[in-house]
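Here are my notes on the model shown below. They are set out as numbered points, for a reader who has not seen it before.

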Amino acid sequence: MAAPLELSCWGGGWGLPSVHSESLVVMAYAKFCGAPLKVNVIDNTWRGSRGDVPILTTEDNMVSQPAKILNFLRKQKYNADYELSAKQGADTLAYIALLEEKLLPAVLHTFWVESDNYFTVTKPWFASQIPFPLSLILPGRMSKGALNRILLTRGQPPLYHLREVEAQIYRDAKECLNLLSNRLGTSQFFFGDTPSTLDAYVFGFLAPLYKVRFPKVQLQEHLKQLSNLCRFCDDILSSYFRLSLGEGTCYLGCASLREWGLVLK
């Protein structure tokens, strides 16, 4: 019997199974390829490692980071890309690199650096998921980590100051969203009628930006003008997760809430 696959990840809200992009990438990919994951959602009683969530564990392995988790799942014969051509595989790598370079910094800024969003939405939500006193410490560390990641990748000359970095990353993110919208067109998924790794990444990056209700919505407003990307997110949610419209209540496919380790609050 194969070792059970368990995914530890941040949980959901606003009609999403997870509000954390990297957790959502893995959850979506597992749905696309049929990997039987038991999802253990971090809550205020959870005592496991929070180092590099999401974390996939089996009897013999512990794997973190979405790219490594997806590679592990492929080695276990859970492959969402088996129908892709070599060119489509190369395009997948190119678009994922584009997402990480151009879109991710703005997503991190929206959640973790923009002060109104952070203090009103992000910090209270993440603090509510973890036990005291870590709830007083970890969100701040995550915010600092997000800022350092942005500055490390985008704070090079001539963009020395945060204000200059902020203007540039939002310009780049909007251009990236436009490219994704043009590439998707009227198709259901990026490579036709079957979802693949690229669809998991795009969904993971876009769905929290699309659904979470922020007071500062600069990038969110731009995304909502691109109706095909919004339809893409809605279709994946309804087809693969069957989420209710109520915040924080999740119905994942035909699996029971107990099987997925989700607790309704």
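1. Which residues form one aromatic cluster? Trp10, Trp112, Tyr118, Phe119, Trp125 and Phe126 do. Rings of Phe, Tyr and Trp (its six-membered ring) pair if their centres lie within 6.5 Å; planes under 30 degrees apart count as stacked, over 60 as edge-to-face and the rest as tilted.

2. A word on the basis of these notes. The model is predicted, and local features need pLDDT of at least 70, side-chain atom pairs count only at pLDDT 80 or more, while totals for chains, interfaces and linings use all residues. Residues are numbered from 1 along each chain as its sequence is written, and side-chain values use heavy atoms, with hydrogens and water left out.

3. The overall layout. The secondary structure comes to 10 helices and four strands; helices (H or I, at least four residues) and strands (E, at least two) are DSSP runs, numbered from the N terminus. Along the sequence the pattern reads β-α-β-β-β-α-α-α-α-α-α-α-α-α. Of the 265 residues in the protein, 51% are buried, where buried means under 20% relative accessible area, exposed over 50%, and partly exposed in between (1.4 Å probe, protein chains only). Among contacts (heavy atoms within 4.5 Å) with a separation of 6 or more, 71% are between residues 24 or more positions apart.

4. Strands E1 and E2. Strand E1 (residues 5–9) and strand E2 (residues 37–41) run parallel and are joined by five bridges; two strands pair if DSSP finds at least two bridges between them. Cysteine 9 has valine 41 in E2 as its bridge partner. From E1 the chain crosses through helix H1 (residues 21–33) to E2, and this β-α-β crossover is right-handed. Right-handed here means that, with the strands pointing away from the viewer, the path from the first strand over the helix to the second runs clockwise. Four of the five residues of E2 are buried.

5. Helix H1. This helix has 13 residues and reaches 18 Å from its first C-alpha to its last, close to the 18 Å expected at 1.5 Å a residue; the expected span is 1.5 Å times one less than the number of residues. H1 is mostly covered, with 11 of its 13 residues buried. Among them are Leu24, Val25, Val26, Met27 and Phe32. The buried residues of H1 pack against E1, E2, helix H2 (66–75), H3, helix H7 (197–211) and H9. Glycine 34, just after H1, takes a positive phi of about 80 degrees.

6. Helix H9. H9 has 15 residues and reaches 20 Å from its first C-alpha to its last, close to the 21 Å expected at 1.5 Å a residue. Its buried residues include Leu229, Phe232, Ile236 and Phe241. Arginine 242, just after H9, takes a positive phi of about 50 degrees.

7. Aromatic pairs. The structure holds 11 of these. The rings of phenylalanine 32 and tyrosine 240 have their centres 5.0 Å apart and their planes at 75 degrees, so this pair is edge-to-face. The pair links distant parts of the chain, with phenylalanine 32 in helix H1 and tyrosine 240 in helix H9 (residues 227–241), 208 residues apart. Phenylalanine 32 counts as buried at 13% relative accessibility, whereas tyrosine 240 is partly exposed at 21%. Tyrosine 118 and phenylalanine 119 also form an edge-to-face pair, 4.9 Å centre to centre with 75 degrees between the planes. Here tyrosine 118 is buried at 7%, and phenylalanine 119 is exposed at 54%.

8. The largest nonpolar core. A nonpolar core is a set of buried Ala, Val, Leu, Ile, Met, Phe, Trp, Tyr and Cys residues joined through side-chain atoms within 4.5 Å. The largest one has 83 residues, and those touching the most other members are Leu56, Leu99, Leu103, Phe190, Phe203, Leu229 and Phe232. Helix H3 (residues 86–113) gives the largest share of this core, 12 residues. Leaving out residues up to four places away in sequence, leucine 229 touches Leu177, Leu180, Ser181, Leu184, Phe190, Leu206 and Leu223.

9. Two serines in helix H5 (residues 134–154). Serine 135 lies in this helix and is buried, with a relative accessible area of 11%. Serine 143 is in H5 too, and is buried at 14%. Beyond neighbours within four places in sequence, serine 143 is in contact with Trp112 and Tyr118.
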